[in-house]
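Dear colleague,

Please find below the structure I said I would hand over. My notes on it follow.

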Amino acid sequence: NFRSKTEIKIFQALLKKGLLIMPLPVMVMGIGERYREPDFVICYQGKTGILEIHGQAWHPPETAAMDHERRREFIKLGVNLYEIYDARRCWQDPDGVVEDFIQAFNQVR
């Protein structure tokens, strides 16, 4: 149940790479039992990453601090990589976004 056609494009690009993908999983944060639903959780080379797509309607500039706090919380709980991509770029170049995301895994120790 994707929320946008952009998410579908990124999902298809991730599938082409043969990755383990969990789209829109409901996750319970160990900090205060808060529920989160990242766009994609991906496992790659023994590491776990989150790929988020941010568009104007759902993530206006006013929510940037909250978005970054959510990122820090996931990192504290063991997620190796948390990347946020602009929805416009995801729509126009889904394969490039996925390639950038995979490359970011190579920077994680």
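Please bear in mind throughout that this is a predicted model.

Overall architecture. The protein chain contains four helices and six strands, arranged along the sequence as α-β-β-β-β-β-α-β-α-α. Of its 109 residues, 40% are buried. Among contacts with a separation of 6 or more, 53% join residues 24 or more positions apart. The exposed area of the chain is about 6600 Å², of which carbon and sulfur atoms supply 52%.

Helix H4. This helix covers residues 94–107, has 14 residues and spans 21 Å from its first C-alpha to its last, close to the 20 Å expected. Its buried residues are Pro94, Gly96, Val97, Val98, Phe101, Ile102, Ala104 and Phe105. The cover over these residues includes helices H1 (5–16) and H3 (87–92), together with strands S4 (40–44), S5 (47–54) and S6 (81–86).

Salt bridges. The structure holds six salt bridges, and three deserve a description here. Arginine 3 and glutamate 37 pair through their side chains at 2.3 Å, N to O. This pair links distant parts of the chain, 34 residues apart: arginine 3 belongs to the segment before H1, and glutamate 37 to the loop between strand S3 (35–36) and S4. Arginine 3 is exposed at 52% relative accessibility, while glutamate 37 is partly exposed at 34%.

A second bridge joins arginine 36 to glutamate 73 at 3.7 Å, N to O. Here too the pair links distant parts of the chain, with arginine 36 in strand S3 and glutamate 73 in helix H2 (residues 64–76), 37 residues apart. Glutamate 73 is buried, with a relative accessible area of 5%, whereas arginine 36 is partly exposed at 22%.

The third lies within helix H2: arginine 72 and glutamate 69 are three residues apart there, and therefore separated by about one helical turn. Their side chains meet at 2.9 Å, N to O. Both residues are partly exposed, arginine 72 at 42% relative accessibility and glutamate 69 at 31%.

Cysteines and surface. A search of the whole structure finds zero disulfides. Cysteine 90 is buried, at 0% relative accessible area, and cysteine 43 is partly exposed at 26%. On the surface, Val26, Val28 and Tyr35 form a nonpolar patch with about 340 Å² of accessible area together. Within that patch, valine 26 is exposed at 58% relative accessible area; valine 26 sits in the loop between strand S1 (20–23) and strand S2 (27–28).

With kind regards

Definitions and conventions
Residues numbered from 1 in each chain as written. Predicted model: local features only at pLDDT ≥ 70, side-chain atom pairs only at ≥ 80, totals over all residues. Heavy atoms only, no water. Helix = DSSP H or I, 4+ residues; strand = E, 2+ residues; numbered from the N terminus. Buried < 20%, exposed > 50% of the residue type's maximum accessible area, 1.4 Å probe, protein only. Contact = heavy atoms within 4.5 Å. Areas by Shrake-Rupley, 256 points an atom, 1.4 Å probe, with all protein chains shown as cover. Disulfide = S-S within 2.5 Å. Patch = residues over 30% accessible without salt bridge, like charges linked within 9 Å, V, L, I, M, F, W, Y side chains within 5 Å. Salt bridge = Lys/Arg side-chain N within 4 Å of Asp/Glu carboxyl O. Expected span 1.5 Å × (residues − 1).
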